[in-house]
Amino acid sequence: MNKAVVGYLSGLLALLILAYLNLMQGPIDISFSEMLSSIFGSSVGDLKKEVVLGIRLPRVLIAMGVGGVLGLCGYLFQLVVKNPLADPYILGTSTGAALGANLVLAGLIG
């Protein structure tokens, strides 16, 4: 099997395990069967269903989306500058983001 395929599959497995752990652990422990029941619509305690669907699942999905977008941005930086070691400092986006954050904190914009 190709090393890239093994790397992708191991990354996917790690992502699924971490998402599973994030959905189950917290101040209110939720078992695997309760988690699946609350996601797929079976009746479970209202509190646990609200915790899974209202708090934990959106956080997991947002974290996956943000991670994917950041990875895509890094890939696009490497394509634009044609450098496999490119980072946001090359095009000045980190400096521009810092400037924008400071302007918001100073109350000049936003």
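User: Which helix is L15 found in?
Analyst: This is a predicted model. In the model, L15 is found in helix α1.

User: And is L15 buried or exposed?
Analyst: Neither label applies, because L15 has a relative accessibility of 38% and counts as partly exposed. The cut-offs are under 20% for buried and over 50% for exposed.

User: Which residues form the nonpolar patch on the surface?
Analyst: The patch is formed by M1, V5, V6, L9, L12, L15, L16, L61 and M64. Together they have about 840 Å² of accessible area.

User: Where does the largest share of that patch come from?
Analyst: Helix α1 gives the largest share, with six residues. Both α1 and α3 supply at least two residues each.

User: Turning inward, which residues make up the largest nonpolar core?
Analyst: That core has eight residues, namely A19, L23, M24, I30, M35, V51, V52 and V60. The elements contributing two or more residues to this core are α1, spanning 3–24, and α3, spanning 46–81.

User: What is M24 in contact with, leaving aside neighbours within four places in sequence?
Analyst: M24 is in contact with D29, I30, S31, F32, M35 and R56. Of these partners, I30 and M35 are listed with M24 in the largest nonpolar core.

User: M35 again. Which side chain has a polar atom 2.9 Å from the backbone oxygen of M35?
Analyst: That side chain belongs to S38. S38 lies in helix α2, which covers residues 32–39.

User: Is S38 buried or exposed?
Analyst: S38 counts as buried, because its relative accessibility is 1%.

User: New topic: how many salt bridges does the count come to?
Analyst: The count comes to one salt bridge. The side chains of K48 and E34 meet in it, with an N to O distance of 3.2 Å. K48 lies in helix α3 and E34 in helix α2, so the pair ties together parts that are 14 residues apart in sequence.

User: Why can such side chains pair at all?
Analyst: In general, side chains of opposite charge can pair when their charged atoms come close.

User: How accessible are K48 and E34?
Analyst: K48 is partly exposed, with a relative accessible area of 25%. E34 is also partly exposed, at 24%.

User: What does K48 touch, not counting residues up to four places away in sequence?
Analyst: K48 touches I28, D29, I30 and E34. D29 and I30 are also in contact with M24.

User: How far is K48 from F77?
Analyst: The C-alpha atoms of K48 and F77 are separated by 42 Å, and these residues are 29 apart along the chain.

How values were computed
Residues are numbered from 1 along each chain as its sequence is written. This is a predicted model: local features need pLDDT of at least 70, side-chain atom pairs count only at pLDDT 80 or more; totals for chains, interfaces and linings use all residues. Side-chain values use heavy atoms; hydrogens and water are left out. A nonpolar core is a set of buried Ala, Val, Leu, Ile, Met, Phe, Trp, Tyr and Cys residues joined through side-chain atoms within 4.5 Å. Buried means under 20% relative accessible area, exposed over 50%, partly exposed in between (1.4 Å probe, protein chains only). Helices (H or I, at least four residues) and strands (E, at least two) are DSSP runs, numbered from the N terminus. Contact means heavy atoms within 4.5 Å. A polar contact is a pair of N or O atoms within 3.5 Å; within protein, one must be able to donate a hydrogen and the other to accept it, and residues adjacent in sequence count only if both atoms are side-chain atoms. A salt bridge is a side-chain nitrogen of Lys or Arg within 4 Å of a carboxyl oxygen of Asp or Glu. Patches are made of residues with over 30% relative accessible area and no salt bridge: like charges are joined within 9 Å, nonpolar side chains (Val, Leu, Ile, Met, Phe, Trp, Tyr) within 5 Å. Accessible areas come from the Shrake-Rupley method with a 1.4 Å probe; for residues, only the protein chains shown count as cover.
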